[in-house]
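Student: Could you take me through a close look at a single residue and its surroundings in this model? I'd like one connected picture rather than a list.

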Amino acid sequence: MPRLLTPLLLVFALLLGGCGSTGSPGSPGSTSSTSSTSSASPAGSRPRTERNATLVLDFTPNAVHAGIYTALARGYDRAQGVDLHVVAPSASTGSIKLLETGRANFAILDLHDLAIARERGEAIKAIMAIVERPLAAVIAAPQIHNPRQLQSRTVGVTGVPSDTAVLRSIVAGSGGDPAAVKQVVIGYDAVPDLIAGRVAAVTSFWNDEGVTLQRRDAGVHIFRVDEFGAPSYPELVLCATSSSLRTDPGLARAVVRALVAGYRLALADPAVAAASLESRVAGLDPKLVTAELAALRPAFAAPDGRVGELDLARLRSWASWEAKFGIVRRVPDVASMFAPGFVPDSAGGG
């Protein structure tokens with residue numbers, strides 16, 4: 001369920017990143033270019049020669065990226081010999097294009113977008129999970145207590161393929177008939193359309209719009225997709241091109257180690273993670289960041305406590321679900337799509 005940003009701002013930010021500039025933190029809705037600003041390495045680490053690398057986010061910076069900004073704030077990237085620059089995307093496919101043209105080294109992708117790209121023949125692999133469970137959900141009006149009640153009612157969707165799959169999976173998982181649900185494309189007006197009663201429910205993210213609506217005490221019900229039939233899959237993954245992983249696996253390994261350390265600290269001390277994010281991204285609401293982090297924190301670690309883990313058994317279950325509900329035509333080849341070996345074995349949660 002991606003949103004669009006201004007392409008011109010992205011180009012400007014990438015030019016800054018390519019020059020090794022720290023840039024200025026961007027506000028939500030704008031592109032930001034951010035790098036580690038502390039010259040000191042974490043205690044006990046050995047200073048190394050730094051290499052520039054660019055990471056494109058999946059959306060404007062928010063609480064889901066707290067581990068990334070924590071890594072920058074604590075100098076975990078530089079301790080691994082990398083000066084990591086972070087920018088926001090311009091469109092749903094912008095990140096993939098930036099990877100393939102070499103203008104970005106890494107990108108965070110929604111797992112569904114990665115599956116679609118792979119089916120188109122794009123040679124991109126996931127090397128780390130950012131969150132370990134789905135973020136997709138159906139958020140329903142107060143009078144809807146069970147997804148079955150959405151039969152014969154209207155649900156707002158953004159129009160991307162995964163929306164329909166999520167809706168169908170949740171309704172079917174509750175024992176209802178997905179074909180009996182009416183869909184209308186509303187774009188990204190989920191919150192106002194639901195509050196105004198123009199739709200009975202919307203497909204959205206429980207960690208974003210869900211938290212916003214709950215803070216407004218809107219009385220909504222949130223039906224998470226993995227609670228209604230879908231397997232537990234990592235919604236967001238760190239990706240790189242297959243060719244870059246072959247030619248420079250060391251860079252990927254260094255960035256993964258830095259981000260794993262950042263997310264481990266976010267797990268152990270969410271207040272530090274919130275402060276790291278807010279110090280580098282102007283305009284964030286600290287209370288909203290705290291609320292979103294509280295909701296997200298359990299999703300930063302896999303069931304076994306590891307951070308960044310790509311569990312192939314769980315991913316094979318996801319692949320079957322992905323094809324069953326029509327996001328892709330064929331079951332994704334998990335073995336070629338994921339490279340779990342970049343996550344260190346000691347990536348346990350704090």
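**A close look at Phe106**

Tutor: Happy to. Setting aside neighbours within four places in sequence, Phe106 is in contact with Ala53, Thr54, Leu55, Val56, Leu99, Ile127, Leu238, Cys239, Ala240, Leu251, Ala252 and Val255. Please keep in mind that this is a predicted model. Phe106 belongs to strand β4, which covers residues 106-110. Is Phe106 buried or exposed? Its relative accessible area is 3%, and since buried means under 20%, Phe106 counts as buried.

The chain also brings a distant stretch of sequence into the picture: Ser244 is 138 residues from Phe106 along the chain, yet their C-alpha atoms are separated by 9.6 Å.

Now let's step out to the core around this residue. The largest nonpolar core has 66 residues, and Phe106 and Leu238 are the ones with the most contacts inside it. Helix α10, residues 249-268, gives the most to this core, with 12 residues. Leu238 is also among the contacts of Phe106 itself. A second, separate core has 49 residues, including Val87, Ile96, Leu109 and Ala126.

So, to pull the view together: Phe106 sits in strand β4, is buried at 3% relative accessible area, and shares with Leu238 the place of most contacts within the 66-residue core.

Note on methods. Residues numbered from 1 in each chain as written. Predicted model: local features only at pLDDT ≥ 70, side-chain atom pairs only at ≥ 80, totals over all residues. Heavy atoms only, no water. Core = buried A, V, L, I, M, F, W, Y, C linked by side-chain atoms within 4.5 Å. Buried < 20%, exposed > 50% of the residue type's maximum accessible area, 1.4 Å probe, protein only. Helix = DSSP H or I, 4+ residues; strand = E, 2+ residues; numbered from the N terminus. Contact = heavy atoms within 4.5 Å.
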